[in-house]
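Me: I've got this chain open in the viewer and I'd like a close look at a single histidine in it. Could you walk me through that one spot and then set it against the rest of the chain?

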Amino acid sequence: MVPQGQHRGRFNAPSQVEMAVVMIGEEYGNRDIILSRKDEKLQRISETHRSYDSLEYPLIFLHGEDGYAIDILSFNVNLNEYNSHKTVSSKHYRLMVRHHIYNHLHNYRKLINKYWVNMYAKIESERLLFIRNNQSKLRAEDYIHLRDAIENDGQVNDIGQLFILPSSFTGGPRYMHEKTMDAMTYVRNFGTPNLFITFTCNPNWMEIKRELKHGQTTQDRHDIIARVFHQKIKVLMNLIVKHRIFGETQCYMYTVEWQKSGLPHVHLLPYWFG
């Protein structure tokens, strides 16, 4: 039932089966695997352990191959050596398409979507762990809102140990507050935007279709969709900013959202000199 006065499209059910993960409260740190050993003792396998992937996805890693670990060094192809000061992020490990190396993960269709979502959960866990262990380096005690809360609310110390998320943490309250203030600054200095542009991903783009393997659909390769869409946005912004198809651009802002069909789209607000 569509509520009276509401647009029916807003309450349509998603047209594609999507994969998602919900990380609530402090439970994000308890995604480890517990093994029962032959000696009847329990062993905890952290999600950053190299054996985690093969234990979590036995159908994908049939031979118990090592998965992602936080200590995998980055390899410099040009120098043909490992970089001892830089490690590989889980968002790059096993996801990239390399023509000289066969990657069987790209052939698992919808099962691989769960694997990618799980890898992103690892990225968030690593970021949160770093923030938790480096509060002094991030100067958490100097945040003005934290000082105000402690001074004005005597019960703030009774709710547990606080960890402050910096504005660099994507999706955090300070990140959202910073982006909102930036947007309001544009409006205050330049007035209302000249146009409201919506740019939608097309799953039938040639750049997407030609990268699909035999029997695959666009919903099986969200990595290709994301990369092609990102490149299309860059081309669109070059047309507006560098080629000045609407005039000389003062500034712009845009946000990426996802449709119920699982495809991304952009809402773009450009400003230019009249």
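Reply: Sure, starting with the backdrop: the protein chain exposes about 19,100 Å², with carbon and sulfur atoms supplying 54% of that area. Keep in mind that this is a predicted model. Buried residues account for 30% of the 274 residues in the protein chain. The secondary structure adds up to six helices and seven strands, and from the N terminus on the order reads β-β-α-β-β-α-α-α-β-α-α-β-β.

Now for the histidine. His-265 sits in strand β7, which covers residues 264-272. His-265 counts as buried because its relative accessibility is 11%, and the cut-off for buried is under 20%. Leaving aside residues up to four places away in sequence, His-265 touches Thr-198, Phe-199 and Thr-200, along with Phe-229. The list of contacts also takes in Thr-255, Val-256, Glu-257, Trp-258 and Gln-259. On the polar side, the side chain of His-265 makes a polar contact with the side chain of His-267, at 3.3 Å.

How does the wider chain look in terms of contacts? Of those between residues at least 6 apart in sequence, 53% join residues at least 24 apart.

For a look at the surface, go to Leu-195, Val-235, Leu-239, Ile-245 and Phe-246, which make a nonpolar surface patch of about 400 Å². One of these, Ile-245, lies in the loop between α6 (222-241) and β6 (249-258). So you can click from a buried histidine to a nonpolar patch on the surface.

Technical notes: Residues numbered from 1 in each chain as written. Predicted model: local features only at pLDDT ≥ 70, side-chain atom pairs only at ≥ 80, totals over all residues. Heavy atoms only, no water. Patch = residues over 30% accessible without salt bridge, like charges linked within 9 Å, V, L, I, M, F, W, Y side chains within 5 Å. Areas by Shrake-Rupley, 256 points an atom, 1.4 Å probe, with all protein chains shown as cover. Salt bridge = Lys/Arg side-chain N within 4 Å of Asp/Glu carboxyl O. Helix = DSSP H or I, 4+ residues; strand = E, 2+ residues; numbered from the N terminus. Buried < 20%, exposed > 50% of the residue type's maximum accessible area, 1.4 Å probe, protein only. Contact = heavy atoms within 4.5 Å. Polar contact = N/O pair within 3.5 Å; in protein donor to acceptor, adjacent residues only side chain to side chain.
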